[in-house]
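Hi there,

Here is the structure I promised to pass on to you. Have a look at it first, and my notes on what turned up are underneath.

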Amino acid sequence: MSDAPDLPEGYEFSADTDRVDVDRVHHWLSTDAYWAIGRPREKHEHAMASSLNFGVYETASGEQVAYARVVTDRALFAWLADVYVDPSVRGKGVGTALVGGVREHLRPYGVRRVLLATHDAHGVYEKLGFAPLERPDQWMALYFETPEESS
């Protein structure tokens, strides 16, 4: 049984990577997502190939309206990334339902934690059980300088 929020009528969730409209998703992320502005197509495709990919689609047309991907070992850890909802359907609950669907897809793997980073969508994720890190002092990050930053 799933406790994922329902999608609005006329939309469907899918974990089928073959359904992802790669052109559309790359355009969304590289032109409109603050965390991925300018992301090269090759990097985007490599990230998708190394991840679980999810989408929400209009049932009638099959057009993709939202996307998310997860980097995971399918055992202990998952990182939710690149969650994007087309502006034309924002405010309808599509994003919440998408993340809920992702959460339910991951549940059978038994991962202990799913992490994400967000600048502005805390409320969406809190509805689904996400919370700030309990012990942020235990977490660290390694940052590599990109070739663009060194020139």
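Let me start with one residue, A47: its relative accessible area is 16%, and because the cut-off for buried is under 20%, A47 counts as buried. Please keep in mind that this is a predicted model. A47 sits in helix α2, which covers residues 41-49. Its C-alpha atom lies 9.6 Å from that of V70, a residue 23 places away along the chain. V70 will come up again below.

**Overall picture**

The protein contains five helices and five strands. Following the sequence, you meet them in the pattern β-α-α-β-β-β-α-β-α-α. The C-alpha trace spans about 45 × 35 × 25 Å along its principal axes. The radius of gyration is 16 Å, which agrees with the value near 15 Å for a compact globule of 151 residues. Of those 151 residues, 36% are buried. If you take the contacts between residues at least 6 apart in sequence, 61% of them join residues at least 24 apart.

**The sheet**

The five strands make an open sheet, ordered β1-β2-β3-β4-β5, with mixed pairing. At the edges are β1 and β5, each of which pairs on one side only. Neighbouring strands are turned against each other by 20° on average, ignoring direction. Helix α1 (residues 22-32) packs on this sheet, where α1 touches β3 and β4, and its direction makes about 80° with that of β3. As for how β4 and β5 come together, they pair in the parallel sense over three bridges. If you want a spot to zoom in on, W79 has L115 in β5 as its bridge partner.

**The cores**

In general, nonpolar side chains of soluble globular proteins tend to be buried together. Here, the largest nonpolar core has 22 residues, and V70, L80, L98 and V102 have the most contacts inside it. Two or more residues each come from β2 (52-58), β3 (64-72), β4 (77-85) and α3 (94-106). The largest share is that of α3, with five residues. Apart from this core lies another one of ten residues, including V25, L29, Y57 and Y67.

V102 is a good residue to click on. Leaving aside residues up to four places away in sequence, V102 touches F13, F54, A68, V70 and L80.

**Helix α3**

How many of the residues of α3 are buried? Eleven of its 13 are, so α3 is largely enclosed by the rest of the structure. The buried ones are V94, G95, T96, A97, L98, V99, G100, G101, V102, E104 and L106. What do they pack against? Their partners are the strands β1 (11-14), β2, β3, β4 and β5 (113-115), together with helix α4 (122-126). From its first C-alpha to its last, α3 reaches 18 Å, close to the 18 Å expected at 1.5 Å a residue.

If you have only a few minutes, I would open α3 and V102 first: α3 gives the largest share of the main core, and V102 is among the residues with the most contacts inside that core.

Happy to go through any of this together whenever it suits you.

Best wishes

Key: Residues are numbered from 1 along each chain as its sequence is written. This is a predicted model: local features need pLDDT of at least 70, side-chain atom pairs count only at pLDDT 80 or more; totals for chains, interfaces and linings use all residues. Side-chain values use heavy atoms; hydrogens and water are left out. A nonpolar core is a set of buried Ala, Val, Leu, Ile, Met, Phe, Trp, Tyr and Cys residues joined through side-chain atoms within 4.5 Å. Buried means under 20% relative accessible area, exposed over 50%, partly exposed in between (1.4 Å probe, protein chains only). Helices (H or I, at least four residues) and strands (E, at least two) are DSSP runs, numbered from the N terminus. Contact means heavy atoms within 4.5 Å. The expected span of a helix is 1.5 Å times one less than its number of residues. Two strands pair if DSSP finds at least two bridges between them. Axes are lines fitted to C-alpha atoms, for helices over the stretch in contact, and angles run from 0 to 180 degrees between N-to-C directions. The radius of gyration is taken over C-alpha atoms; the globule rule is 2.2 Å times the number of residues to the power 0.38.
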